[in-house]
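This report walks through one protein model for a reader who has not met it before. Please keep the sequence and the 3D view at hand while reading.

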Amino acid sequence: MKRETPAKTPEQPLSPVFVSEMAEKLHQAYQELELKFDTLNQKLEETNRQLKHSLAEKEKLSSFFHNILESLTSGVLVVDLAGQITLFNKAAQEITGYQVREVLGKPYLEIIGKNIDKELTALQTLRTKIPHINEEKEVVNKNGTKVPLGFSTTPLLDSEGTLLGVVEVFFDLSKIKRLEDEISRVKTLAALGEMAATVAHEVRNPLGGITGFADLLNKEIAADDSRKRYVEKIIEGVENLNRIVKSLLNYTKMLKVVPQEVNLEKFLDEVVNFYEMDLQSQKKNIAILKEYANPELKAKIDPEHFRQVVLNLLQNATQSMSSGGKIRIVADYTKDNRLKPDKLLLKISDSGCGMSKEVLEKVFTPFFTTKEGGTGLGLATIKKIVEAHQGEIKVNSELGKGTEVIIGLPLL
Ligand SMILES: Nc1ncnc2c1ncn2[C@@H]1O[C@H](COP(=O)(O)OP(=O)(O)OP(=O)(O)O)[C@@H](O)[C@H]1O
Ligand SMILES: [Mg+2]
């Protein structure tokens, strides 16, 4: 049987109407697509804009919180669940001496928890979820100095109440502690002063009697009598006691200064000349150098009390130079960093034995003395007089090199 091959359909030419319809439809579809693309593009741009805006807002908020944290005078730190520090603000750096890059990611115990009671740490709050509120502890800063801190710790929770870590807020109590110590020192001194004044007053009368009788005895005993030596010792001892009682009463009594305008050069010259005569009679090999910036330097001081200040300082300087040396007296308007600016400066320095740090810390403490027969009231009285003139006094000293006493007085 003959198989029929399928008849080939001749390719029909597309009718121009069909082609034009198709083109029209394609064009429409293209336009619709273009429209959709535009709309989508607009939406995308809008979302982008909103995203950028909310990002900027978030950045603004985050920098706002960052600024608040950095502006706080209290130290703020955060530890995570592993007990590592994740936040350490500027005040925390200033109080502890550690830079933020040194502490981030470091264990809390290594930074602020060294050598302290573990109960008083943020880690304790991390374990127990119990906050510490307004408590005190002492931490060791980066330099190894102990710093008293007031602190509080709080568990850091997210909105679902899940524990994320602990926040600790702390502040330096050094200044407050120093003031508390000063108040208690002043209170002790006031009580001591009151008691000393009463005792000194009571001691004065019998001392007067002893002096009188010892003088009588001295007159009655012949010059070649060997017992005369004992009487002289009694008189010497009583004189010494009288001196101590006098300076004690002087120190404890209310100080009334009557400042008046004086020419500083004239005033200092007078005191120094008087003292130099005393030095000559004692045959001390001491030179006093005077450096006054200006012959017209004026000061408002009580001359009687200030005479005592200068004489006491010259005496201390002399006593520090057993084999002689130099005393320098400088008077100037110079500004000194350690004193508030614009003061009249009076410096008395010596090339004597100087003081150790321990002695230097106590020089203004009443009754502190390293001298046999010293009252330890010299510098305490000087400080009282200087402060009654609204002045300040500082002492610098180096063992084996010498001492410098700087007095700053308000300008006229
Ligand atoms: N220029 C100085 N050089 C070295 N040490 C000094 C100097 N001035 C004071 N000191 C030390 O300070 C201490 C206290 O001095 P302060 O003048 O108050 O009492 P004092 O000199 O011991 O006794 P007083 O003044 O009654 O003679 C002295 O004992 C001494 O150790
Ligand atoms: Mg003295």
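The text below takes up domains, cores, a surface patch, salt bridges and two distant pairs in turn.

**Domains**

The model is predicted. The domain assignment of the protein gives three parts: domain 1 covers 71-172, domain 2 covers 177-252 and domain 3 covers 260-410. Taken over C-alpha atoms, the centres of domain 1 and domain 3 are 48 Å apart.

**Nonpolar cores**

The largest nonpolar core contains 39 residues. Within that core, the residues with the most contacts are L268, I288, F306, I329 and I407. I329 can serve as an example of how such a residue is surrounded. Neighbours within four places in sequence are left aside here; the contacts of I329 then include L268, V272, I288 and L289. The residues K290, E291 and Y292 are also in contact with I329, as are L314, L346, K347 and I348. A second core, separate from the largest one, has 23 residues, among them I85, A122, L149 and F170. In soluble globular proteins, nonpolar side chains tend to be buried together.

**A nonpolar patch on the surface**

Some nonpolar side chains lie on the surface instead: L61, F64, F65, I68 and L72 make a patch of about 480 Å². L72 sits in the loop between α1 (16-71) and β1 (75-80). Because its relative accessibility is 38%, L72 counts as partly exposed.

**Salt bridges**

How many salt bridges does the structure hold? There are twelve. The table gives some of them, with the distance between the closest N and O atoms.

| Lysine | Glutamate | N to O distance |
|---|---|---|
| K177 | E180 | 3.9 Å |
| K298 | E296 | 3.7 Å |
| K343 | E392 | 3.5 Å |

The pair K343 and E392 links distant parts of the chain. K343 belongs to strand β10 (residues 343-350) and E392 to strand β11 (residues 392-398), with the two positions 49 residues apart in sequence numbering. Are K343 and E392 buried or exposed? Both residues are buried.

K177 and E180 lie in one helix, α6 (residues 174-220), three residues apart, which is about one turn of the helix. K177 has 28% relative accessibility and so counts as partly exposed. E180, at 45%, is therefore also classed as partly exposed. Salt bridges with shared partners join E136, K177 and E180 into one network. In the pair of K298 and E296, K298 counts as partly exposed because its relative accessibility is 29%.

**Two pairs apart in sequence**

V203 is placed in helix α6. Its relative accessibility is 29%, so V203 counts as partly exposed. V203 and V245 are 42 residues apart in sequence, and their C-alpha atoms are 7.9 Å apart in space.

M254 is found in the loop between α7 (228-252) and β6 (260-263). Why does M254 count as exposed? The reason is its relative accessibility of 77%, as exposed means over 50%. M254 and Q308 are 54 residues apart in sequence and 16 Å apart in space, C-alpha to C-alpha.

Conventions. Residues are numbered from 1 along each chain as its sequence is written. Chains are lettered from A and ligands numbered from 1 in the order in which they are written. This is a predicted model: local features need pLDDT of at least 70, side-chain atom pairs count only at pLDDT 80 or more; totals for chains, interfaces and linings use all residues. Side-chain values use heavy atoms; hydrogens and water are left out. A nonpolar core is a set of buried Ala, Val, Leu, Ile, Met, Phe, Trp, Tyr and Cys residues joined through side-chain atoms within 4.5 Å. Buried means under 20% relative accessible area, exposed over 50%, partly exposed in between (1.4 Å probe, protein chains only). Contact means heavy atoms within 4.5 Å. Domain bounds come from an automatic or database domain assignment. Patches are made of residues with over 30% relative accessible area and no salt bridge: like charges are joined within 9 Å, nonpolar side chains (Val, Leu, Ile, Met, Phe, Trp, Tyr) within 5 Å. Accessible areas come from the Shrake-Rupley method with a 1.4 Å probe; for residues, only the protein chains shown count as cover. A salt bridge is a side-chain nitrogen of Lys or Arg within 4 Å of a carboxyl oxygen of Asp or Glu. Helices (H or I, at least four residues) and strands (E, at least two) are DSSP runs, numbered from the N terminus.
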